[in-house]
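The following exercises concern a predicted model. Each task is followed by a solution in steps.

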Amino acid sequence: MAQFFSKSANNIARISMLAGVVLAGTAFFVYTQVARSSYLTGRYVERQQPVQFSHKHHVGDDGIDCRYCHTTVETTASAGMPSTQTCMNCHSQIWADSPYLEPVRASFRDNRPIEWERVHDLPEFAYFNHSIHVAKGVGCSTCHGQIDNMPSVFQENTLQMEWCLACHREPEKFIRPKSEIYNMQWQDGDLSAAERVDLKAKNKIRSKEMMTSCSVCHR
Amino acid sequence: MFLSSRQWTVDSGRRRKSLYCLLSVAVCLLAAGCGVRFDMQDQPRYKVYKKSEFFSDGLSSRDLPAGTVARGLLKADKALYTGKIDNPNPNVQVETTTNAAGNTIVTSFPNAIDEFPVAVTKELIDRGQDRYNIYCIVCHGPVGAGDGMIVRRGFGAPPTYHDDRLRNAPVGHFFDVITNGWGKMNGYAASISAADRWAIVAYIRALQLSQNPDENLKMNASPSAAPSPGPAANNNTGGGGN
């Protein structure tokens, strides 16, 4: 009876088994990387807004505090978007004739809000509250990045669950003193590890078990 | 296909495995066919600033109907919410004058209250400093000299807090200006709560004291709550999250 398989078939079988494992591993790796990519998370993608508003200018150059516009960040879930009136506090006088600001003036004239493009679009099955994060020592730039360097704002982080959990598991790695929450220049190294652990206790941040309980975010 | 393990045979095992394979393929095909669904991601409810398809103006957050007052938000205390009292002498009117820059400045304050309607404490002044450094510092500058960054960018300079007129102005006047604006300045009532506006007024008094330390300032607070000059360090209390 003729040989059905040649002798090399043994090697091919071994190699193909190995190749199968490598291929499956690669496929899994690619899958996880695609899931974390800015293609799916929108990370680093600058959004086109109806007004060419520059945080780099208003925060970086002018030194306006975050809360001048985002007035409710300390008290409510939403940080708050400024009303057109807030823009007009200055732009009734400065750059009052600029064509760039025509959408702002039109909004003010017609009493219609400016329709900003949402940059951080958290899934609605996740509960998020700005005020508790600010109160417990999470600074703006910890999540939003160096807003004072962004001419047009983009999402600095993935906003994926693993990213949320990284901090909910070990908040002492990310928190800062309450006086530095709105400081865009704050670096994580400005506080020693021991000071952070003290700060965690001082700010009454709950245990890892409580912080990673499902219903903290999915309620 | 709900066979328990007691019924396990080679045949049923094979049947289950092939069914599982088929099921896996079917699930994959189904998922590919339906596409990814976002029903939970985008739920049919209004989150803050979501556009409404129902109301013609597109606003999901609605204004209160005219004439309604939310429970607990009746602003009956006129002095606390306006910084003014009913004119004690109707014949006395607000006097204004025009300064060199063409700005109308007020020189008499017949309606403004001259005493804080809240207790002036260290906490209040600290809170005022915190709020001042957010909302006021942009134009009025760190000590209220009217040299803030926005003024340096071309906004008309506001008057300094440290001239005789404003040193002698009653606290109710400052509250009224923060609330309703004055001249080129818009009112800040939408951004700053009434309690915080009084805190800012207290801090303005502290700033005035800091620039004229010998002056007997018109704080009119109870003796236990004598104001101290605002600490130089940026001692933000952070406001906390309520």
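Buried area is the accessible area, taken with a 1.4 Å probe, that two parts lose on being put together, summed over both.

**Exercise 1. The interface between the chains**

Task: State how much area chain A and chain B bury between them, and which residues of chain A supply the most.

Solution.
Step 1. Chain A and chain B bury about 3,100 Å² between them, and 49% of this area lies on carbon and sulfur atoms.
Step 2. On the side of chain A, 22% of the area buried against chain B is supplied by A:Y68, A:E74 and A:E124, more than by any other three residues.
Step 3. The contact draws 32 residues from chain A and 34 residues from chain B.

**Exercise 2. Polar pairs and elements at the interface**

Task: Determine how many salt bridges join chain A and chain B, and describe the side of chain A that touches chain B.

Solution.
Step 1. A salt bridge requires a side-chain nitrogen of Lys or Arg within 4 Å of a carboxyl oxygen of Asp or Glu. The pair A:E124 and B:K47, at 3.9 Å from N to O, forms a salt bridge through its side chains.
Step 2. Between chain A and chain B the count is seven salt bridges. There are also 16 residue pairs in polar contact between these chains, counted where both residues have pLDDT 80 or more.
Step 3. In chain A, the elements giving two or more residues to the side that touches chain B are α3 (55-61), α4 (66-69), α5 (84-91) and α7 (130-136). The largest share, four residues, comes from α5(A).
Step 4. By class, this side of chain A has 11 nonpolar, 10 polar and 11 charged residues.

**Exercise 3. The second largest pocket**

Task: Characterise the second largest pocket by its volume and its lining.

Solution.
Step 1. The second largest pocket holds about 670 Å³ of space. Of its 35 lining residues, B:H140, B:P158, B:P159, B:W182 and B:M185 are the closest to its centre.
Step 2. Elements of both chains each supply at least two lining residues, among them α5 of chain A and, from chain B, β2 (104-106) and α8 (194-211). The largest share of the lining, four residues, comes from α7(B).
Step 3. The lining comprises 24 nonpolar, nine polar and two charged residues.

**Exercise 4. Links within chain A**

Task: Locate A:S152 and identify its contacts; then explain why the salt bridge between A:R36 and A:E162 ties together parts far apart in sequence.

Solution.
Step 1. A:S152 lies in the loop between α8 (140-144) and α9 (161-169) of chain A. Leaving aside residues up to four places away in sequence, A:S152 touches A:E46 and A:R47.
Step 2. The side chains of A:S152 and A:E46 make a polar contact at 3.1 Å. The C-alpha atoms of A:S152 and A:S54 are 5.7 Å apart, although 98 residues separate the two along the chain.
Step 3. A:R36 and A:E162 form a salt bridge in which the closest N and O atoms are 2.6 Å apart. Because A:R36 lies in helix α1 (residues 9-36) and A:E162 in helix α9, both of chain A, the pair ties together parts that are 126 residues apart in sequence.

Methods: Residues numbered from 1 in each chain as written. Chains lettered and ligands numbered in written order. Predicted model: local features only at pLDDT ≥ 70, side-chain atom pairs only at ≥ 80, totals over all residues. Heavy atoms only, no water. Contact = heavy atoms within 4.5 Å. Polar contact = N/O pair within 3.5 Å; in protein donor to acceptor, adjacent residues only side chain to side chain. Nonpolar A, V, L, I, M, F, W, Y, C, P; charged D, E, K, R; others polar. 1 Å grid on protein atoms, 1.4 Å probe; cavity = no way out; pocket = protein on both sides within 12 Å on 5 of 7 lines; lining within 4 Å. Points joined across faces, edges and corners; volume = space filled by probe spheres on them.
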